[in-house]
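Welcome! Take a moment to look over the structure below, and then we will walk through some of its side-chain contacts together.

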Amino acid sequence: MARGGGGKGLSLKDKLEGNELDLSLCDLNEVPVRELATLPKATILDLSCNNLVSLPSDFCSLMHLVKLDLSKNRLQQLPLDFGRLVNLQHLDLLNNRLVTLPVSFAQLKNLKWLDLKDNPLDPVLAKVAGDCLDEKQCKQAAVKVLQHMKAIQSEQDRQRQQKLQAEREMEKKREAEQRAKEAQEREVRKREKAEEKERRRREYDAQRAAKQEMEKKTKKETVQPRKPASSSRPAQPARHRQSWSRSVLRVLLCVLLCVLLAVAACKLTELRRQPLCVSISTLFEDVVAALQNHKTLQNMLQQNSQQ
């Protein structure tokens, strides 16, 4: 072991007497933690009256310590995990520069003796610790400080729990807001999809209606050229009438021819004096006179002559 001033090396085993290791007045600037870890028998460690400003974090690995004297150093703070020294029963921190203690100090459940005199302690902590002028006061200081640190630890745990709860609530709120946002976006997409579908349906209906209208127009235009053929149909009765008129005219002509032949036979032959011939001649003259005055026959004769 080397002194802080760089003096002659000194073995820790030379300082060990039974289970007590005395490193006081060694002008130490730092604690030889590695060497101490090799001496688990040294449950009592005296580091008083040195130049220690801080303790290294690995100092808390010396969990075999039962009694620790750090008095009359220049310690400004203890390691945050100082509470790992769970077997510690006696702790002397007299005349240092400590203001507060680490919250893990509450884990020193076996601590029975504590001296915090002559430190610039926080007023609340100083009041809790009180004096350590005798064995009884030092034991009370250990109990009261442990209770105080446990209360601080509980309060910090409560605040930490509240913070975690608040963070969880905030996270739930963010998740709820995110779900609401996603639901709103889905609703918007659904509405847009429905609107797009309705728009396509209207376009389809419009196209279909236009197609049907075009088909109607095409069909109408296709039917229209047939109208002259259908309009010529009413002429058929006229042709029938003309054919009927010709037939009647032929019949009449035949009858007239027969009558003329009979009249001629009656007038030109020896039969003109016969009563039948006289009757025929008279009937012929009456019929001729009647036909000359009949308008229908005149029209038929006129139409026949035109054709």
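## Side chains that meet

The side chains of E155 and R158 come together in a salt bridge, with 2.4 Å from N to O. Keep in mind as you look that this is a predicted model. Both E155 and R158 belong to helix α3 (residues 135-223), where they sit three residues apart, about one turn of the helix. E155 is partly exposed, at 31% relative accessibility, and R158 is partly exposed too, with a relative accessible area of 39%. Elsewhere, E196, R199, R200 and E203 are joined into one network by salt bridges that share partners.

How many salt bridges are there by this count? The count comes to eleven. In general, side chains of opposite charge can pair when their charged atoms come close. Three of the bridges, including the one you have just met, are set out here.

| Salt bridge | Closest N and O atoms |
|---|---|
| E155 and R158 | 2.4 Å |
| D115 and K117 | 2.8 Å |
| D81 and R84 | 3.5 Å |

The surroundings of these residues are worth a look as well. D81 is partly exposed, with a relative accessible area of 27%, and its partner R84 is partly exposed at 36%. D115, by contrast, counts as buried, because its relative accessibility is 4% and the cut-off for buried is under 20%.

## A pair of rings

Now for the aromatic side chains. The structure holds one aromatic pair. Its members are F82 and F105, whose ring centres are 6.1 Å apart and whose planes lie at 5 degrees, so the pair is stacked. F82 lies in the loop between β4 (67-69) and β5 (90-92), while F105 lies in the loop between β5 and β6 (113-115), so the pair ties together parts that are 23 residues apart in sequence. Are these two rings buried or exposed? Both F82 and F105 are buried.

## The cysteines

Last, let us turn to sulfur. The count comes to one disulfide, formed by C132 and C138, with their sulfur atoms 1.5 Å apart. Which way does this disulfide turn? The torsion about the S-S bond of C132 and C138 is about 95 degrees, so the disulfide is right-handed. Both C132 and C138 are buried. Two further cysteines can be found in the model: C26 is buried, with a relative accessible area of 1%, and C60 is buried, with a relative accessible area of 0%.

Notes: Residues numbered from 1 in each chain as written. Predicted model: local features only at pLDDT ≥ 70, side-chain atom pairs only at ≥ 80, totals over all residues. Heavy atoms only, no water. Phe/Tyr/Trp six-rings, centres within 6.5 Å; stacked < 30°, edge-to-face > 60°. Helix = DSSP H or I, 4+ residues; strand = E, 2+ residues; numbered from the N terminus. Buried < 20%, exposed > 50% of the residue type's maximum accessible area, 1.4 Å probe, protein only. Disulfide = S-S within 2.5 Å. Salt bridge = Lys/Arg side-chain N within 4 Å of Asp/Glu carboxyl O.
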